[in-house]
Amino acid sequence: MKTIKVSVVTPDGPVYESDVEMVSTKASTGELGILPGHIPMVAPLQIGAVRLKNGSNTEFIAVSGGFLEVRPEQVTILAQSAEKSSEIDLERALKAKERAEQRLHERKQENIDFKRAELALQRAINRISVAERRI
């Protein structure tokens, strides 16, 4: 089967680079499935998982927003942050979720930035979800 080159890059450097058969991710407009030869496009990404399928093997990467650029033979994901499922520290993600939930419950205090706490919770839940897929 034909493959497409995928690069996932963050401000800290490359996270993933390989040839895969299919890329699936969640953009602001909805779920995207990208195969080799896909039409060129650029789309903003939401906090979510990127699924990389190659034969019977599927890898997952947790991304926290960014952009997806598609060309016929290459997909580039420019993410604010990204982690392979195998590299996510599940215990740390669970603690981050707990902290974010605690901040949301304490939002009546003047110093709490509700939107920031909500995004932190979404990122933590995404990391936990992606990490549990490797187990």
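**Exercise 1.** Which helices and strands each supply at least two residues of the lining of the largest pocket?

*Solution.* Note first that this is a predicted model. Start with the strands: β6 (57-71) and β8 (82-84) each supply at least two lining residues. Then take the helices: α1 (90-105) and α2 (114-133) do so too. Now look at the shares. The largest one, four residues, comes from α2.

**Exercise 2.** State the volume of the largest pocket, then describe its lining.

*Solution.* The space in the largest pocket is about 300 Å³. Its lining has 17 residues, and those closest to the pocket centre are Ser81, Glu83, Arg92, Arg123 and Arg127. Sort the lining by residue class: seven are nonpolar, six charged and four polar.

**Exercise 3.** Explain why the largest pocket lies between domain 1 and domain 2.

*Solution.* Take the bounds: domain 1 covers 4-84 and domain 2 covers 90-132. Check the lining against them. Both domains give residues to it, so the largest pocket lies between the two.

**Exercise 4.** Place the pocket in the whole chain: give the fold pattern, the dimensions and the burial.

*Solution.* Count the elements: the chain has eight strands and two helices. Read their order along the sequence: β-β-β-β-β-β-β-β-α-α. Next, the dimensions. Along the principal axes, the C-alpha atoms fill a box of roughly 55 × 30 × 25 Å. Then burial: 38% of the 135 residues count as buried, with under 20% relative accessible area as the cut-off. Turn to the surface. About 8100 Å² is exposed, and carbon and sulfur atoms supply 48% of that area. Finish with contacts. Among those with a separation of 6 or more, 53% join residues 24 or more positions apart.

Technical notes
Residues numbered from 1 in each chain as written. Predicted model: local features only at pLDDT ≥ 70, side-chain atom pairs only at ≥ 80, totals over all residues. Heavy atoms only, no water. 1 Å grid on protein atoms, 1.4 Å probe; cavity = no way out; pocket = protein on both sides within 12 Å on 5 of 7 lines; lining within 4 Å. Points joined across faces, edges and corners; volume = space filled by probe spheres on them. Nonpolar A, V, L, I, M, F, W, Y, C, P; charged D, E, K, R; others polar. Domains from an automatic or database assignment. Buried < 20%, exposed > 50% of the residue type's maximum accessible area, 1.4 Å probe, protein only. Contact = heavy atoms within 4.5 Å. Areas by Shrake-Rupley, 256 points an atom, 1.4 Å probe, with all protein chains shown as cover.
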